[in-house]
Amino acid sequence: MTTTTIGAEEEFFLVRTDSRTVEPAGSRVVARARETVADLVSGEFHEGQLEVRTPPCEDTGELLRQLTALRTAAGDACRADSLGPCATGTPVLGGAGARVLGDHPRYRAGVRQFGTMLDDFTICSAHVHVHVPEREVAVLAANHLRPWLPLLVAMSANSPFFEGRDTGYASWRTVIRARFPALSAPPYVDSLAHYERLTTALQESEALLDASLPFWDVRPNPRVPTLEIRVMDVPADAADTAAMTALVRALVVCAVERVRDGDAGPRTCGELLRAAYWRAARDGWPGSGPDALTGRILPFGTQAQRLLDHVRPQLELYGDLQRVTAFLRRLSLHGCGAQRQRASWARRSRLTDVVDDLLAVTAGRGGVSPA
C-alpha cells in the first residue's frame, strides 16, 4: 500500500496571561520558537497570531505527536512575554494585537485590495494537507468534498465569542470569511483547465489576489503536491485536529478513487451549499442543517454517521477508524468547541474563564491524552 501523507497547520492567538487579551508579539515569539522548530512556525495575518505546521506525516499518531511538540514549542516561546498560544477561531477578548498587521507583502496587498472588509479579520483556522500529486485529479476531487464541507464546519466550530461578546453563532470565524468574494466552498469544475480559467478571471476581477492561490476552502496547493482543506476553526485540543485530519484524508482518498474511476463528482447547488454553511456556522454541533446533496434538514450527528459510512473503508485502511469514532463520541458527549467555550463562561459569567480554559487545553492540560 502506498501511504497518502498528511500534514496540518494550526493558527493561534497570542494572549496575555494576565489580561487575557491579544498581544502583538508575533515577530518576537516566532523568532524564539524557530530556535527549536525552525520554519515549522511562522507569523500570521496579524502580529497577535502565529502558525505552526507539521512536516508530512504517514499516520495520524505521528501527526498528533508533531502537533503536540509544536504547541509546546510555541508555549515555551511565549513565556518570556507572559503570553500563551490560544486555540480559538476568533479572539474571546480583543486587544491591540488583534489589529496590528503582520509583516508580509501579501497581507499588505490584501488590505489595499479589500480595505475595511479586513478590519475585523482576526481569525484562526486549521488547515489539512493531503498528498495528491496530480492537479487535475485534485481539482476534481474537490467536487466530491464540497457537499461535506458544512459538516466539517459544524464539527470544528470553535468561535462563539468575538472581542467580548457572544455572537450567537458557533463559528463566527465562518461568518467573517463568508463576506469575501471567492472565499468559502470552491465552485464545481469540469477540469483543471476550467479551474484555471475561473481563477484567472477572478484575479482579473480583483476578487482574488493571486490566481494560483485562491481563498477557497479546498484548493490544490501551488507550492506542494497536496489538496488543502481550509474550512475548519482551529480546535482547542490537538487530538481533535488529528481526528479531523484523519477524516479529511479518508474523504480525499475516497474522492481521488472516484475521480480515477471516471466520476467527476456531484453538481451540488451553490446556494444550497451556502445555506448549509450558514446553518452549520450558526448552530454547530449538535445542531441540524441542510444536507447539501438533498436539501433535507438532518441532525449533524446523522450526517456524521453517513460520512463515517461513506469513508469507513479508507479509515480502516489507514488505521484511523478508532480515532475518528472516539472524536464523534466526544462531540456527542460535550458538543463542539463553541459549546465548550460557552460552558466555561456559564460557570461564573466571566470571559476570562473561557480564555483560561482555552489556554490550558491548547497547552495540553485538560484535553484528550495523545493516542
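**Helix α8 and its surroundings**

The axes of α5 and α8 approach within 12 Å and cross at roughly 170°. The two helices, α5 and α8, are therefore roughly antiparallel to each other. On the α5 side the contact is formed by L152, M155 and S156, and on the α8 side by M244, L247 and V248. Sorted by class, the residues of this contact of α5 with α8 comprise five nonpolar, one polar and no charged. The model described here is a predicted one.

One residue of this contact, S156, merits a separate description. S156 lies in helix α5, which spans residues 149–156. With a relative accessibility of 4%, S156 falls below the 20% limit and so counts as buried. When neighbours within four places in sequence are left aside, S156 is in contact with M232, D233 and M244. Another residue of the contact, L152, touches I229, V231, M232, M244, L247 and V248, again without counting residues up to four places away in sequence.

These contacts lead to the nonpolar interior. The largest nonpolar core has 83 residues, and those with the most contacts inside it are L152, M155, L227, I229, V252, W285 and L328. Helix α8, residues 238–260, gives the most to this core, contributing 14 residues. A second core, separate from the largest one, has 32 residues and includes V22, A33, C86 and L351.

Helix α8 also packs against helix α11, residues 321–334, at an angle of about 125°, and their axes are 9 Å apart. That angle makes α8 oblique to α11. The crossing of α8 and α11 is left-handed. From α8, residues A239, D240, A242, A243, M244, A246 and L247 take part, and they meet R323, V324, F327 and R330 of α11. By class, this contact of α8 with α11 holds eight nonpolar, no polar and three charged residues.

Within α11, the residue F327 gives a local view of this packing. F327 has a relative accessibility of 1% and therefore counts as buried. Its contacts, leaving aside neighbours within four places in sequence, are M155, D240, A243 and M244. The C-alpha atoms of F327 and A239 are separated by 8.2 Å, although the two residues are 88 residues apart along the chain. M244 thus appears among the contacts of F327, of S156 and of L152.

A further partner of α8 is helix α10, residues 300–317; the two pack at an angle of about 85°, with axes 8 Å apart. Helices α8 and α10 are therefore roughly perpendicular to each other. The α8 residues in this contact are A246, L247, A250, L251, V253, C254, E257 and R258, and those of α10 are L307, H310, V311, Q314 and L315. By class, the contact of α8 with α10 has nine nonpolar, two polar and two charged residues. L247 of α8 takes part in the contact with α10, in that with α11 and in that with α5.

Helix α4, residues 135–145, is mostly covered, as nine of its 11 residues are buried. The buried residues are V137, A138, V139, L140, A141, A142, N143, H144 and L145. They pack against α5, α7 (192–204), β8 (218–220), β9 (226–233) and α8.

Some details of the backbone remain to be noted. In general, most residues other than glycine have a negative phi, and most peptide bonds are trans. The peptide bond from W285 to P286, however, is cis, with omega near 15°. P286 is placed in the loop between α9 (270–283) and β10 (288–290), while W285 is listed among the residues with the most contacts inside the largest nonpolar core.

Positive phi values occur at S82 and E163, neither of which is a glycine. S82 has a phi of about 55° and is found in the loop between α2 (60–78) and β4 (83–86). Its relative accessible area is 36%, which makes S82 partly exposed. E163 has a phi of about 50° and belongs to the loop between β6 (161–162) and β7 (165–166). With a relative accessible area of 28%, E163 is likewise partly exposed.

How values were computed: Residues numbered from 1 in each chain as written. Predicted model: local features only at pLDDT ≥ 70, side-chain atom pairs only at ≥ 80, totals over all residues. Heavy atoms only, no water. Core = buried A, V, L, I, M, F, W, Y, C linked by side-chain atoms within 4.5 Å. Buried < 20%, exposed > 50% of the residue type's maximum accessible area, 1.4 Å probe, protein only. Helix = DSSP H or I, 4+ residues; strand = E, 2+ residues; numbered from the N terminus. Contact = heavy atoms within 4.5 Å. Axes fitted to C-alpha atoms, helices over the stretch in contact; angles between N-to-C directions. Parallel < 35°, antiparallel > 145°, perpendicular 65-115°, else oblique. Left-handed = near helix turned anticlockwise from the far one by under 90°. Nonpolar A, V, L, I, M, F, W, Y, C, P; charged D, E, K, R; others polar.
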